[in-house]
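User: I would like to learn how to read a fold from its strands outward. Please take me through the structure below.

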Amino acid sequence: MSTYRFDAATGRPIMTVTEDALKRALAIHEVQFDGFGRLAAAQGRIKIDTAAQIALERELTKISAVTSTEPLADLTSLMHFPTTPDAPAPGQKSYTSTGVNWSAGRVSHSYDDLGSAGTLARTELQTSIIIPHILTADYTWGDLAAAGLANQPLQSYLLQGARRKVNEEINQFNWFGDTGTGGTGVVGIYNNASITKAVVANGGAGLPGWNDKTPAEIELDCVDMLGDLFTQIKGLGGLVPNRLVMGTTQYAKIATTYSAQYLSQTILERLLTLFRAAYSADFQIVSAPELVTGGGGGGTSAWMLAYRYDSMVAGRVVALEGVFETPFIKPFVTSIPYHAETGGINVRMPVAMLIRYGM
């Protein structure tokens, strides 16, 4: 056990470590003593001097296992879009969704004229390029020693970090794609040219932003958007919208502002009542921080997306869910790659999606 003696001049206690206490601390690291009480060779991988240093450090100092981590945002595209109905295989370079075009024949009104037959033609809806995402978790013997002093699971943190960074990139590509100069060519939601986009109407103040609009004008932006989408799909039941996603800031605005016509309801509550009655009983209004910016030509305005949550409308292209590959071990260095293969969002039915921005 630890004992104390006192300084003759100041009277302050001075802690000392007994031999038995040090032996117990060193035993944690598989350090043993010979018959004469001398340190014997360690059976573990840690050298005898390092083990003694760590053991003594922990004996004399309170080591906290609590660590501070950076807050991480939700990877919202993984929640707001299903995967494609048929997954591509690992190693594929692209994924192409297909459909058919139907052309009606001529209807006859004469008993001796059979009219003409309709035709079906296969068509390619969208081809999505598939790319690998690879990030390696590297650590050295020195990193392990430092982590041991800090009492932190270094390997676990590094592996989680590699996986998190890859998933963050996949999430970003799902929303915005990567088709700029030098990009990979991945098509997401906002950079899909087949999805109709338009700025919301100006309010009475002459501006489109919701901070400059009345509650009635904000409601009208959403109601008009869903009405335009319903007209766009020609009322087809299988494509009726059941989801509206908008930026987190805009969602907070409608969740805390009371409706212009029904003062007992927020705008959010009022819109949910309307849309569930008019379009789908399971209609949801959800938020995503990625939509706070990125809309419009300059990419700085907020935007929202109305669509049908259905893999036959749009789905995430995932050829390989993230996996940790075989570690590559060199003297003093270990590398563990994290590997995924994805292709953004494949939109089969862009007619069932609509984007408005500028709020």
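Analyst: Start with strand 7, which is mostly covered: five of its five residues are buried. Keep in mind that this is a predicted model.

User: Which strands pair with strand 7, and in what sense?

Analyst: When reading a pairing, look at the direction of the two strands and then at the residues that face each other. Strand 7 pairs with strand 9 in the antiparallel sense, over four bridges. In that pairing, Met 246 has Met 304 of strand 9 as its bridge partner. With strand 8, strand 7 pairs in the parallel sense, over five bridges. There, Leu 244 has Ile 285 of strand 8 as its bridge partner.

User: What is the strand order of the sheet?

Analyst: Write the strands in spatial order, not in sequence order. Here the order is 6-13-9-7-8, in an open sheet of five strands with mixed pairing. Strand 6 (196–199) and strand 8 each have a single partner strand, so they stand at the edges, with one side left without a neighbour in the sheet. From one strand to the next, the twist averages 20°.

User: How many bridges join strand 9 and strand 13?

Analyst: Five bridges join strand 9 and strand 13, and the sense is antiparallel. Tyr 307 stands opposite Met 353 of strand 13.

User: Which strands does helix 6 touch, and which does helix 8 touch?

Analyst: For a helix on a sheet, read the contacts and then the angle. Helix 6 packs on the sheet and touches strand 6, strand 7, strand 9 and strand 13; the angle between its direction and that of strand 13 is about 150°. Helix 8 also packs on the sheet, touching strand 7 and strand 8, and its direction makes about 135° with that of strand 8.

User: Why look for a nonpolar core next?

Analyst: Because nonpolar side chains tend to be buried together in soluble globular proteins. In this model, the largest nonpolar core has 45 residues, and Ile 189, Leu 244, Ile 285 and Met 353 touch the most other members. Elements that each supply at least two residues of this core include helix 5 (154–176), helix 6 (215–232), strand 7 (243–247), helix 8 (267–278) and strand 12 (333–347). Another core, of nine residues, lies apart from it; among its members are Leu 159, Ala 162, Val 166 and Ala 340.

User: Which residues does Ile 285 touch, beyond those up to four places away in sequence?

Analyst: Leaving out those sequence neighbours, Ile 285 touches Leu 244, Met 246, Tyr 251, Ile 254, Leu 268, Leu 271, Leu 272 and Phe 275. Leu 244 is also the bridge partner of Ile 285.

User: Is Gln 250 buried or exposed?

Analyst: Gln 250 lies in helix 7 (residues 248–256). Its relative accessibility is 9%, so Gln 250 counts as buried, the cut-off being under 20%. Residues up to four places away aside, Gln 250 touches Trp 210, Leu 291, Val 292, Ala 302 and Met 359.

User: How many salt bridges are there?

Analyst: The count comes to six salt bridges. For each one, read the distance, then where the partners sit, then their exposure. Arg 164 forms a salt bridge with Glu 168, with the closest N and O atoms 3.0 Å apart. Both residues lie in helix 5, four residues apart, or about one turn of the helix. Glu 168 is partly exposed, at 28% relative accessible area.

User: Which salt bridge links distant parts of the chain?

Analyst: The side chains of Arg 356 and Asp 228 meet in a salt bridge, at 3.1 Å from N to O. This pair links distant parts of the chain, with Arg 356 in strand 13 and Asp 228 in helix 6, 128 residues apart. Arg 356 counts as buried at 11% relative accessibility, whereas Asp 228 counts as partly exposed at 40%.

User: How far apart are the closest N and O atoms of Arg 308 and Asp 310?

Analyst: They are 3.8 Å apart in the salt bridge between Arg 308 and Asp 310. Asp 310 counts as partly exposed, at 25% relative accessibility.

User: Where is Ala 89 found?

Analyst: Ala 89 is in the loop between helix 3 (77–80) and strand 3 (94–103). With a relative accessible area of 36%, Ala 89 is partly exposed. Ala 89 and Val 318 are 229 residues apart in sequence, while their C-alpha atoms are 8.6 Å apart in space.

Technical notes. Residues are numbered from 1 along each chain as its sequence is written. This is a predicted model: local features need pLDDT of at least 70, side-chain atom pairs count only at pLDDT 80 or more; totals for chains, interfaces and linings use all residues. Side-chain values use heavy atoms; hydrogens and water are left out. A nonpolar core is a set of buried Ala, Val, Leu, Ile, Met, Phe, Trp, Tyr and Cys residues joined through side-chain atoms within 4.5 Å. Buried means under 20% relative accessible area, exposed over 50%, partly exposed in between (1.4 Å probe, protein chains only). Contact means heavy atoms within 4.5 Å. A salt bridge is a side-chain nitrogen of Lys or Arg within 4 Å of a carboxyl oxygen of Asp or Glu. Two strands pair if DSSP finds at least two bridges between them. Axes are lines fitted to C-alpha atoms, for helices over the stretch in contact, and angles run from 0 to 180 degrees between N-to-C directions.
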